[in-house]
Amino acid sequence: MQQMPVLQSSVAPVEGRLNRSLVPSLPAIRPDRLKTAKALVDKAVKLRRVFSVQGPYPVIRTALWARGWVERCLPHPVQRPPHYHGDEDDDGDDGDVCADVTERGDEGEKEENFDDMYELMSRLVRNETPYFHWTTRRDYIDCRGLRSDQVTNHYANVGTFTTKVGLCVNLRNLQWFDAADPDTFFPRCYRLGAEDEKHAFIEDFRRTACTSLLQHVVETWSRQGAEVGEQKAKTSTVEELDPEMIDTALHVCEEFLSVLEHGDIDVTAETAPTVEGQQWTEFLQNYYMVVHEGAVISGSGVFVGRCQAMLNRLQECCPQLDTDGLSNIWIIKPGAKSRGRGIMCMNRLEDILALIDTDRAMTKESKWVVQKYLERPLLVHGTKFDLRQWFLVTDWNPLTVWFYKECYLRFSTQPYSTKNLDSSVHLCNNSIQKHFQPSRDRHPAVPLDNMWSCSQFKAFLQQQGRGAKWETVVVPGMQQAVVHALQTAQDLVEHRKASFELYGADFMLGRDLRPWLLEINASPTMACSTAVTARLCPAVQLDTLRVVLDWRADSSAYTGGFHIIYKQTAVEVPHYVGMNLLVEGASVRRSRPLLRAFPAIQFSSDRTSPIEVKTRHKSSHQKTHAVAVSNHAGKENQTAEDTKGQLTSTSPKKMQRKEQRLRLSANRATLVPRSLSFSLSSPHSMLHCKSQAGRGQASHITRFFLPQTISEAQHKTSTQVFPSLQGPLPTLEILSLKPVTGNSSCRNLTLSSRRSFHRHHSFLCSNRQNMAKHKEDYSGEHTVCSEDRKQTVGR
């Protein structure tokens, strides 16, 4: 007990020192600066000029500050694990998690320090709603919770054209949107995860091997000449192959043309193809030896004319024949990665299939995409390049596309060659080429930073005498390819009026300057890695703000380098008003099981004949109607003794009170039965009843047409009153009804529709065969009924 004060006194100074050390040293805020910041914040909030930027976009942040906007700093989003695949934006330059950290840090783009004034203003709007969002990824903010006046730089579900898989699949539907052939601007592409597309790729690879072999024969003899070729074939030590493989290639191409002309319609399933499994393996091995290893085909000069004629026919229906080349190279791309990661070039079918089989998970998800490589691109000083072209979408209905006037070229660090399949030769992504040093064999005119602006490229074309083709072939071709890609994805993207998105499309040029679309990237990189991008990237960001802020408010505003290349007519979309489901049709009545047959009961004319009450109305002009009515037997739990006691104990006073109540309703029109008959019959005895009807008796309308609940209740009660009877219930049949009005003795007969009347009269009928056995049990019951019948007839 005495140690507690000592412990407290020893701890108190330590706590005091810790608290003083945790107190942050905040800079002094001058009153005039605070007043200015509050004034600017109040004006920005009033004009709804609060924005948020997530990612290394200093140009966007600075431009909005200059426009009087105030930034609200949002917490950094949670980074996804590195193994994550399949996001719709993963195919963009900045679509990966590491794009903001690793790549941006390597390129020297750092987050700038906020000015004290802007930092103070940001604190003042920490509880305000941002009206402009610019992020690297769409999922950094909750887009579904945005209001209609909040602007964001992303659309939902753009992976339908910004991923390799999406672009591969959707461009096949171009024929439903425009009269254009995707094979004229997009290289052939297949998903290896889909079994049918995998087989289609194998057929395409084999067919391309045949066309490449034909081109090899023609080009070899046209380049060397017939005499030189024959002399080389005789003196060369290279292995000579049988010319039969050329004939096989010709037959395969002939079959392909026949299929294109629908000549295979009448071909039966039993018709064997020209080349089958093992023959294809041998053919491809010989093809590899000729094209890759330099083997010679003996006597190939005989086939030059046939090969050239076949190539001319193929040229008319295969627009990619010129770019296919001789090596049959295909590029394999993981569908969920960006910036050139995992991309490889291969020229052997077995190697491609083996690579796909090693990653079962990606194959199952159809993430592997194989695309025909453009083996004959346009080269600049013997070096391969591609173009990065920006375009902007501000609306999806009507589809509105803006095209930027400038683009830039990205060069490879190595001279181009189809013999070397290394990524340093064939992939021009800056994220790939920055890891390689320029080759000494590369032409010195190629820039060391591996980039050109479009102005420099146009000057190069001008030197070659093809400068005019930039405006007549290159630019129109790129614009058409972009519009076609967006048309096929228009119905799949979740359009939002207050959104926009900037994209970067990659193109290659053929030798004829025709542009070929490679892919479209969401969130294109804005890193100022070279002198070219340091000028163009800030410019395109500023011009994007001019379009989405200035032009939307004023259609005559200056939009910088952007201009509209496509705007379709708006399509009316019905408003969603919720589910309105309606089921139309007739109800189907459940079929009822057939009841056990029970013979109809016949009665003698004196004692056991059915009770018949015949009523004739004075108005003979009214029509009669037949209605079937079932009698009710009473409650289910009522025993036979209670029922008989109830039947025999009915007093004349009660009957008189019931008659008085019935007279009160005499003014109302009622349907009175003209003929009533009771009988114990079943649906199975209908034929018997109908046969008796011909003898003067009325045909029966059984209780088979009554509701099930009434029928079951009657059956249960009847088995209690008549323990010896097992089967269907007695039925009450009314053969004709006529409306009766006024005072008439016939209205007393409405007792038949009341439960009390049923209790007295519904069990009068019994089986003739059982009458003798139960005569004593039901004598009182028949006596009461006989008296009631006499009273009724007397009235």
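This report walks through the fold of one protein chain, from overall totals to single residues.

The model is predicted: local features need pLDDT of at least 70, side-chain atom pairs count only at pLDDT 80 or more, and totals for chains, interfaces and linings use all residues. Residues are numbered from 1 along each chain as its sequence is written, and side-chain values use heavy atoms, with hydrogens and water left out.

## The whole chain

The chain holds 27 helices and 20 strands. Helices (H or I, at least four residues) and strands (E, at least two) are DSSP runs, numbered from the N terminus. Of the 795 residues, 48% are buried. Buried means under 20% relative accessible area, exposed over 50%, and partly exposed in between, with a 1.4 Å probe and protein chains only. The accessible surface comes to about 42100 Å², and carbon and sulfur atoms own 53% of that. Areas come from the Shrake-Rupley method with a 1.4 Å probe; for residues, only the protein chains shown count as cover.

Contacts (heavy atoms within 4.5 Å) often link distant parts of the sequence. Among those with a separation of 6 or more, 77% join residues 24 or more positions apart.

## A parallel sheet and helix 3

One open sheet has 4 strands in the order 2-1-3-4, with parallel pairing. Strand 2 (70-71) and strand 4 (151-152) stand at the edges with a single partner strand each, so one side of each has no neighbour in the sheet. Two strands pair if DSSP finds at least two bridges between them. Strand 1 (residues 50-54) and strand 3 (residues 132-135) share 4 bridges in the parallel sense. One bridge partner is tryptophan 134 in strand 3, opposite valine 53.

Helix 3 (residues 58-66) lies across strand 1, strand 2 and strand 3, and runs at about 170° to strand 1. Such angles run from 0 to 180 degrees between N-to-C directions, with axes fitted to C-alpha atoms, for helices over the stretch in contact. The buried residues of helix 3 are Ile60, Arg61, Ala63, Leu64 and Trp65. Their cover includes strand 1, strand 2, helix 5 (116-124), strand 3 and helix 20. After helix 3 comes glycine 68, with a positive phi near 90°.

## An antiparallel sheet

A second open sheet of 4 strands has the order 5-10-8-9 and antiparallel pairing. At its edges stand strand 5 (189-191) and strand 9 (344-346); each has a single partner strand, so one side of each is left without a neighbour in the sheet. The twist averages 25° from one strand to the next. Strand 8 (residues 330-334) runs antiparallel to strand 9, joined by 3 bridges. Tryptophan 330 stands opposite methionine 346 in strand 9.

## A hairpin, then helix 20

Strand 14 (residues 501-509) and strand 15 run antiparallel, joined by 7 bridges. They form a hairpin with 5 residues between them. Leucine 509 has proline 515 in strand 15 as its bridge partner. In strand 15, 8 of 8 residues are buried.

Threonine 530 sits in the loop between strand 15 (515-522) and helix 20 (531-553). Is threonine 530 buried or exposed? Threonine 530 counts as buried, because its relative accessibility is 10%. Beyond residues up to four places away in sequence, threonine 530 touches Asp449 and Met451.

Helix 20 has 23 residues and reaches 34 Å from first C-alpha to last, close to the 33 Å expected at 1.5 Å a residue. The expected span is 1.5 Å times one less than the number of residues. Helix 20 bends by about 30° at valine 547. The bend is the angle between axes fitted to the seven residues ending there and the seven starting there.

## Backbone exceptions

Most residues other than glycine have a negative phi, and most peptide bonds are trans. Two residues with positive phi are listed here.

| Residue | Phi | Relative accessibility |
|---|---|---|
| Asparagine 157 | near 65° | 29%, partly exposed |
| Leucine 513 | about 70° | 0%, buried |

Asparagine 157 lies in the loop between strand 4 and helix 6 (159-162). Leucine 513 lies in the loop between strand 14 and strand 15.

The peptide bond from asparagine 397 to proline 398 is cis, with omega near 5°. Proline 398 lies in the loop between strand 11 (385-396) and strand 12.

Threonine 400 lies in strand 12 (residues 399-411). Threonine 400 is buried, at 3% relative accessibility. Its contacts beyond four places in sequence include Leu392, Ile564 and Tyr566. Threonine 400 and threonine 569 are 169 residues apart in sequence and 9.7 Å apart in space, C-alpha to C-alpha.
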